[in-house]
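Subject: Structure handover

Hello,

Here is the structure you are taking over. My notes on what was found in it follow below.

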Amino acid sequence: MSKEKTRGSYKFESTEKLVEDIRSGEMMIDGQFKGKDIVSMEQFSAYDVALVMERARLIESMNRERRATLLANREIAIPFWEPSTRTFSSFKLAAESLGARTLAIQGMWDYSSVNKGESLSDTLKTYEALGVDAIAMRHPDKEAALVAAYAVDIPVLNGGSGAFEHPTQALLDYYTILKETTHSPIDLHMVFVGDLKNGRTVHSLAKLMATMGGRMASFVSPEVVKLPRGLKKDLEEKGVHIFETDNINDVVRKGDVFYITRVQKERFESNEEYEEARKGVVVTQELVSMMDPKAVILHPLPRVGEIEESVDADSRAAYFRQVTSGVAIRRALFDLVING
Ligand code: NCD
């Protein structure tokens with residue numbers, strides 16, 4: 001058994017309590033990845049993030065044959081309960097390029113015993129009993145990855161848990177930022193745009209940047225989807241200066257990295273609120289022309305109109321290069337949690 005725990009079951013109360021539970025004790029990485037779960041950026045110190053970056057670079061520098069020995073004869077389950085293009089495919093490609101076999105299933109609602117009413121914990125315990133070495137999953141519940149981490153002893157990697165977090169995405173976003181800019185993270189002015197309330201990638205990346213010493217972050221969104229107050233307070237406590245606005249013109253000339261996001265349609269309870277949220281920014285060539293010549297434009301994708309396709313030809317548009325980073329980071333994470 002690699003995890004020192006007998007956690008049992010986890011019950012969700014609130015996002016604040018979820019954060020508190022992740023921060024308390026044995027979930028923290030503390031420089032030791034082997035056997036750990038990757039549930040949230042709350043678990044990472046700046047040193048831990050740097051270790052992931054270093055491992056990603058190391059594996060990228062290996063040739064195919066060497067790479068394919070790292071997880072030879074290992075098995076990884078990749079059950080996804082929510083749609084995915086990039087995250088699912090890059091988890092699968094990452095695992096297989098390291099020599100592992102994968103049990104990768106999209107549409108878990110339809111194609112598993114969950115459809116017959118089986119619990120999330122039982123499903124994951126089944127993968128563990130089948131002998132897999134790790135589980136990379138996506139689920140619409142905020143607490144799902146923690147429920148999984150409590151249920152099984154093998155490492156669980158969170159590929160998106162409802163509107164809560166998406167830590168592997170934040171790590172690949174940061175890997176991309178390091179490749180695209182010469183600024184140190186401390187000096188970077190991050191501009192987050194879009195659905196800041198429901199966008200789990202925003203939550204994870206904002207936490208990561210604060211952990212790396214980031215001091216300046218602007219958040220641009222309609223009022224209905226502004227950054228959650230608890231997260232804002234946490235970032236401020238870490239020393240981040242926060243500027244909030246609904247007008248991109250306030251910051252377009254000042255930002256270094258623009259992180260654009262989609263309105264998370266699937267998270268809205270009221271149609272009225274969704275329609276309000278859609279009144280956000282559209283990135284056009286005209287807007288990009290006002291940005292710094294060395295600015296970086298990121299988007300976790302999928303985009304549904306937030307960035308015009310004509311922007312893609314601009315050298316500052318890095319969102320497809322960002323996809324490439326996904327494989328590098330997920331290889332690094334599998335290698336770290338399984339081999340140490
Ligand atoms: C994001 C997600 O699933 O949270 N996509 C991704 O993983 N690259 C963003 C989104 O769905 O808008």
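Please keep in mind that this is a predicted model. I start with helix α9, which spans residues 200-211 and holds H203. H203 is buried, at a relative accessible area of 5%. Leaving out residues up to four places away in sequence, H203 touches A163, F164, L196, K197, N198, P228 and L231.

K207 is found in helix α9 too. Is K207 buried or exposed? With a relative accessible area of 8%, K207 is buried. Its contacts beyond four places in sequence are V19, S40, M41, E42, F164, E165, L231, L235 and K238. F164 and L231 thus appear in the list for K207 and in the list for H203. As for distance, 33 Å separates the C-alpha atom of K207 from that of A68, and the two residues are 139 apart along the chain.

Next, the strands. β1 (residues 75-79) and β2 (residues 101-105) run parallel and are joined by five bridges. One of the residues involved is A77, whose bridge partner in β2 is L103. Between the two strands the chain passes through helix α4 (residues 86-97), and this β-α-β crossover is right-handed.

Helix α4 also takes part in the aromatic contacts. There are nine aromatic pairs in the structure. One of them is formed by F91 and F334, with ring centres 5.7 Å apart and planes at 55°, a tilted arrangement. F91 belongs to helix α4 and F334 to helix α13 (residues 319-339), so this pair ties together parts of the chain 243 residues apart in sequence. F91 has a relative accessible area of 0% and is buried; F334, at 0% as well, also counts as buried. Ring pairs link these two with F80 and F88 into a cluster. The ring of F91 has a further partner: the charged end of R330 sits over it, 4.8 Å from the ring centre.

F334 leads on to the packing of nonpolar residues. In soluble globular proteins, nonpolar side chains tend to be buried together. The largest nonpolar core here has 64 residues, and those that touch the most other members are V52, L171, F192 and F334. Helix α13 supplies the largest share of this core, nine residues. Beyond four places in sequence, F334 touches L71, I76, F91, A94, A95, L98, A136, L157 and N339. There is also a second, separate core of 28 residues, with V19, W81, I135 and A151 among its members.

Last, some backbone details. Most residues other than glycine have a negative phi, and most peptide bonds are trans. Which peptide bond is cis? The bond from L301 to P302 is cis, with omega near 10°. P302 sits in the loop between β9 (296-298) and α13, and L301 lies in the loop between β9 and α13. L301 is not a glycine, yet its phi is positive, about 60°. At 11% relative accessibility, L301 counts as buried.

N73 is another non-glycine residue with a positive phi, near 65°. N73 is placed in the loop between α3 (64-67) and β1. At 66% relative accessibility, N73 counts as exposed, whereas L301 is buried.

Regards

Note on methods: Residues are numbered from 1 along each chain as its sequence is written. This is a predicted model: local features need pLDDT of at least 70, side-chain atom pairs count only at pLDDT 80 or more; totals for chains, interfaces and linings use all residues. Side-chain values use heavy atoms; hydrogens and water are left out. Two strands pair if DSSP finds at least two bridges between them. Helices (H or I, at least four residues) and strands (E, at least two) are DSSP runs, numbered from the N terminus. A crossover is right-handed if, with the strands pointing away from the viewer, the path from the first strand over the helix to the second runs clockwise. Rings of Phe, Tyr and Trp (its six-membered ring) pair if their centres lie within 6.5 Å; planes under 30 degrees apart count as stacked, over 60 as edge-to-face and the rest as tilted. Buried means under 20% relative accessible area, exposed over 50%, partly exposed in between (1.4 Å probe, protein chains only). A charge sits over a ring if NZ of Lys or CZ of Arg is within 6 Å of the ring centre and within 35 degrees of the ring normal. A nonpolar core is a set of buried Ala, Val, Leu, Ile, Met, Phe, Trp, Tyr and Cys residues joined through side-chain atoms within 4.5 Å. Contact means heavy atoms within 4.5 Å.
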